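Here are my comments on the model, set out as numbered points so that each can be checked against the coordinates.

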Amino acid sequence: MYTFNFAPVLAGMDQLLLGAWLTIQLSVAAMVVGLIVSVACAAAKTSGIAPLRWTVDVYVEVIRNTPFLVQIFFIFFGLPSLGLRLTPNGAALVALVVNFGAYGTEIIRAGIESIQRGQMEAGTALGLSRLQIFRYIVMKPALRTVYPALTSQFIYLMLTSSVVSAISADDLAAAGNNLQSQTFASFEVYIVITLMYFAMSIGFSAIFAVIEKAAFQYPLSR
Amino acid sequence: MPLIRPFGLPEFWIILMAAKWTIALSAIAFAGGGLGGLIVALARISDNRWLRGIATAFIRLFQGTPLLMQLFLVFFGMNILGLAINPWIAAAAALTLHASAFLGEIWRGCIEAVPSGQREAATALGLRYVNRMRYVVLPQALRIAVAPTVGFLVQLIKGTSLAAIIGFTELTRQGQIINNATFSPFMVFGTVAVIYFILCWPLSVLARRMEFRFSRSTAR
C-alpha cells in the first residue's frame, strides 16, 4: 500500500511559490504583448491590403495547427542556428506571445467584424480621423464583445505555459520537476502543483470578472 | 560512424513514421473521449443534482488545470495504484479523460441548444428518457456538434505532443531523438511542425466550413 508523504512538498513550497510567480509573470507579460500583436494582426487582416492579410493568415494558421511544444522547441533549439539565441525564460516568453497572438488575432478579428459598417461611416461623417474611428468606434465595442473569449484564451495560455518546463524555464511546472527529482515524491508534488494551477485559473477568472465590471460599465444600448 | 550524422531522407522517414503513433494516440483518446464525453454531457444535464454536480466538478477540474499536469498525475498515479508505469497507457488514459471533459462540455451546449419544445413533445408522445434522447434530442444535437467536435479534435492531436514529455515516442519525441543524433533542430522541428500542420490544417478548414454552412442554413 502506498503511503502519501506531503512533508517534502511542503518543505519545498518556497520553490514552488517562486515558480508560480514566474508563471504569473510570464502569462501576464505574454498576454499584454500578445494582445498588441493580436490587435495589430487583426487590423492588418481587416485592412483590405491583400499581402498583409495573407501574411497574417499564414501566421495564424501555422500557429493554430501545430503543437505549442513543437513551437517552443523550434524557437529554443531551432532559432540559434539562425543566430538568435534566447535564454529558456526568454524563449518561453517569445513562444507564448507568438502563440497567444495567433489565437488573439482570430478573436479580435471576430470582434471587429461584429461592428456594423454604418458605425464607421457615421464616424467618418462626424469628421473623426481613421485612427479615432479605429480606436473609439471599432476597438472599444469590439473588445467588449470578445472579452469573455479573450479571458478564457488567457487562462488557457496560463495553463499551456506549463509546457515551457520542457526547455527548463523557471516556471511552476519546472519547479515541480526539480522538487520531484530531489524528493522522489512525484505524485504528491504534481498533485500540489495541479491544485496551484487550478487556484490560479480560478483567481484569474475572478480578477477578470472584476475588470469586466469596472471597464465595461458604459451603457450598451439606450 | 560519425558522432553526428546529417539530417537526410532516412531521418525524415523515421520522423514521418512516428506520426502513426500520434494518429493512434489521437484516435484512442478521441474514441474514448467520445464515449466519456457523452456520459459527462448527459450527467451534466441530468435531473439528478448529484450527477450534475460530479459532472460539473469533473469538467471544471480538467478545464482549469494543465494537460501536462494531467498526464503527469496519471503517469505517476499508475505507480501508486500498483500498476507498472507505461507511458503509452498513461498517455492514452490521461488524454481520454481530458477529451471526456472537453467534449462533455461542448456537447452539453449542443444538447441544450436543441429547443426544449422537442423534448417536451417527445415526452408528450410517451417516449421515455432513452428513446427521447436516442431518437429526438441527440440526432438534432449531433448536427450542431459536428463543427466544434472537429475543432476539438485538432486541439487533441496537438495535445498528444505532450505525451513526448512522459517519454512516449510519438511524433514530437521522435523529433527530439533524431535531433539529438543529427543536431539540426531547425530542420528536425521544422519537419515535425509541418507534419502536424498536414494532420491538423485540413480538419481546421473542415470545421470552419461546416460551421459556416451550418450558420447559413440556420440563419433566418
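1. In this predicted model, the buried residues of H6(B) pack against five partners in chain B, namely helix H1 (9-44), helix H3 (67-80), helix H4 (87-113), helix H5 (116-124) and helix H8 (185-218). Among the buried positions of H6(B) are Val137(B), Ala141(B), Phe152(B), Leu153(B) and Ile157(B), and Lys158(B) is also one of them.

2. The course of this helix deserves attention: helix H6 (residues 129-159) of chain B has 31 residues, yet its end C-alpha atoms are only 35 Å apart, whereas a straight helix would reach 45 Å at 1.5 Å a residue. A bend of about 50 degrees is found at Ala145(B), with the proline Pro148(B) following within four residues, and Ala145(B) is itself buried.

3. As for the chain that holds this helix, the secondary structure of chain B consists of eight helices and zero strands, and its C-alpha atoms fill a box of roughly 80 × 45 × 25 Å along the principal axes. Of its 220 residues, 40% count as buried, and among contacts in chain B with a separation of 6 or more, 75% are between residues 24 or more positions apart.

4. Turning to the interface, 30 residues of chain A are in contact with 30 residues of chain B. On the side of chain A that touches chain B, helix H3 (50-64), helix H4 (68-78), helix H7 (130-160) and helix H9 (186-215) of chain A each supply at least two residues, and the largest share, ten residues, comes from H9(A). By class, that side has 19 nonpolar, nine polar and two charged residues.

Definitions and conventions
Residues numbered from 1 in each chain as written. Chains lettered and ligands numbered in written order. Predicted model: local features only at pLDDT ≥ 70, side-chain atom pairs only at ≥ 80, totals over all residues. Expected span 1.5 Å × (residues − 1). Bend = angle between axes of the 7 residues up to and from the residue. Buried ≥ 20, exposed ≤ 12 C-beta atoms within 10 Å, placed from the backbone. Contact = placed C-beta atoms within 7 Å. Nonpolar A, V, L, I, M, F, W, Y, C, P; charged D, E, K, R; others polar.
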